[in-house]
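Here is a short report for a reader new to this structure. Look at the sequence and the model first, then read on.

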Amino acid sequence: MSGALEQLYQQIILDHSKLRHGEGLLPAPEGSSAGESHQYNPTCGDEITLRLVRNGDTITGVSWAGDGCSISMAAASVLTEIVGGGISETELLTMVDNFREMMRSRGSITGDEEILGDAAAFSGVSRYPARVKCAMLSWVAAEEALLASR
Ligand code: ZN
């Protein structure tokens, strides 16, 4: 990865750790179904409850409550921005798979920006095995919340 790209990626993570898009659980609007998942990362102390709202096959909203390190909070914020924008169930599952593959690669997979958008910024985190769970936490929560919403 080039130094400039790495710097850009670090900036994205820093920005989102402050902005925390989607923080604050929102009720599901009438007529839509919701699923929820609580995840805890004991090695770092990160905690998140994520609620996913869907209308048929389309995910119409993501919100969450939690606290933890800047990586876990930034990951939840980026996820909310990407997933909350009306993608399909299949698209979300593809993203989760892609993100997980990237995070398990120990830095060897850069991540597909076409699929992951800003979540590709976490590719550098995969070089630090102790932080992988921090970045994965909200994605695991989203995956489980999706299954719970069925
Ligand atoms: Zn953490």
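A residue is called buried when its relative accessible area is under 20%, exposed when that area is over 50%, and partly exposed in between. Glu89 has 12% relative accessibility, so Glu89 counts as buried. The model is a predicted one.

**Salt bridges**

Glu89 has a charged partner. Arg150 forms a salt bridge with Glu89, and their closest N and O atoms are 2.3 Å apart. Arg150 lies in the segment after α5 and Glu89 lies in helix α3, so the pair ties together parts 61 residues apart in sequence. The two ends of this bridge differ in cover: Arg150 is exposed because its relative accessible area is 60%, whereas Glu89, at 12%, is buried.

How many salt bridges does the model have in total? The count comes to seven. Three of them are described in this report, with the N to O distance for each.

| Salt bridge | Closest N to O distance |
|---|---|
| Glu6 and Arg127 | 2.9 Å |
| Glu23 and Arg20 | 2.9 Å |
| Arg150 and Glu89 | 2.3 Å |

Take Glu6 and Arg127, whose side chains meet in a salt bridge. This pair links distant parts of the chain. Glu6 sits in helix α1, Arg127 sits in the loop between α4 and α5, and 121 residues separate them. Glu6 counts as partly exposed because its relative accessibility is 23%. Arg127 is at 37%, so Arg127 also counts as partly exposed.

Next come Glu23 and Arg20, which form a salt bridge. Glu23 has 40% relative accessibility and therefore counts as partly exposed. Arg20 is partly exposed too, because its relative accessible area is 21%. Which residues are joined into one network by salt bridges that share partners? They are Arg20, Glu23 and Asp67.

**Backbone features in two loops**

Arg20 has a second feature. Its phi is positive, about 50°, although Arg20 is not a glycine. Arg20 is placed in the loop between α1 (3-19) and β1 (33-41).

Arg106 also has a positive phi without being a glycine, here about 55°. Its place is the loop between α3 and α4. Is Arg106 buried or exposed? Arg106 counts as exposed, because its relative accessibility is 62%.

**A charged surface patch**

Which residues gather in a patch of negative charge on the surface? They are Glu81, Asp112, Glu113, Glu114 and Asp118. One of them, Asp112, is found in the loop between α3 (89-103) and α4 (113-116). Asp112 has 33% relative accessibility, so Asp112 counts as partly exposed.

**The nonpolar core**

Now turn to the inside. The largest nonpolar core holds 42 residues. Those with the most contacts inside this core are Leu50, Val83, Leu92, Phe99, Met103, Phe122 and Trp139. Two or more core residues come from each of these elements: α1, β2 (46-55), β3 (58-67), α2 (70-83), α3 and α5 (129-148). Which element gives the largest share of this core? It is α5, with ten residues.

**In brief**

Helix α3 appears twice in this picture: α3 gives residues to the core, and α3 holds Glu89, the partner of Arg150. Helix α1 gives residues to the core and holds Glu6, which pairs with Arg127. Arg20 combines a positive phi with a place in the network of Arg20, Glu23 and Asp67.

Notes. Residues numbered from 1 in each chain as written. Predicted model: local features only at pLDDT ≥ 70, side-chain atom pairs only at ≥ 80, totals over all residues. Heavy atoms only, no water. Patch = residues over 30% accessible without salt bridge, like charges linked within 9 Å, V, L, I, M, F, W, Y side chains within 5 Å. Areas by Shrake-Rupley, 256 points an atom, 1.4 Å probe, with all protein chains shown as cover. Salt bridge = Lys/Arg side-chain N within 4 Å of Asp/Glu carboxyl O. Lys, Arg positive; Asp, Glu negative; His and termini not counted. Charge placed at Lys NZ, Arg CZ, Asp CG, Glu CD. Helix = DSSP H or I, 4+ residues; strand = E, 2+ residues; numbered from the N terminus. Buried < 20%, exposed > 50% of the residue type's maximum accessible area, 1.4 Å probe, protein only. Core = buried A, V, L, I, M, F, W, Y, C linked by side-chain atoms within 4.5 Å.
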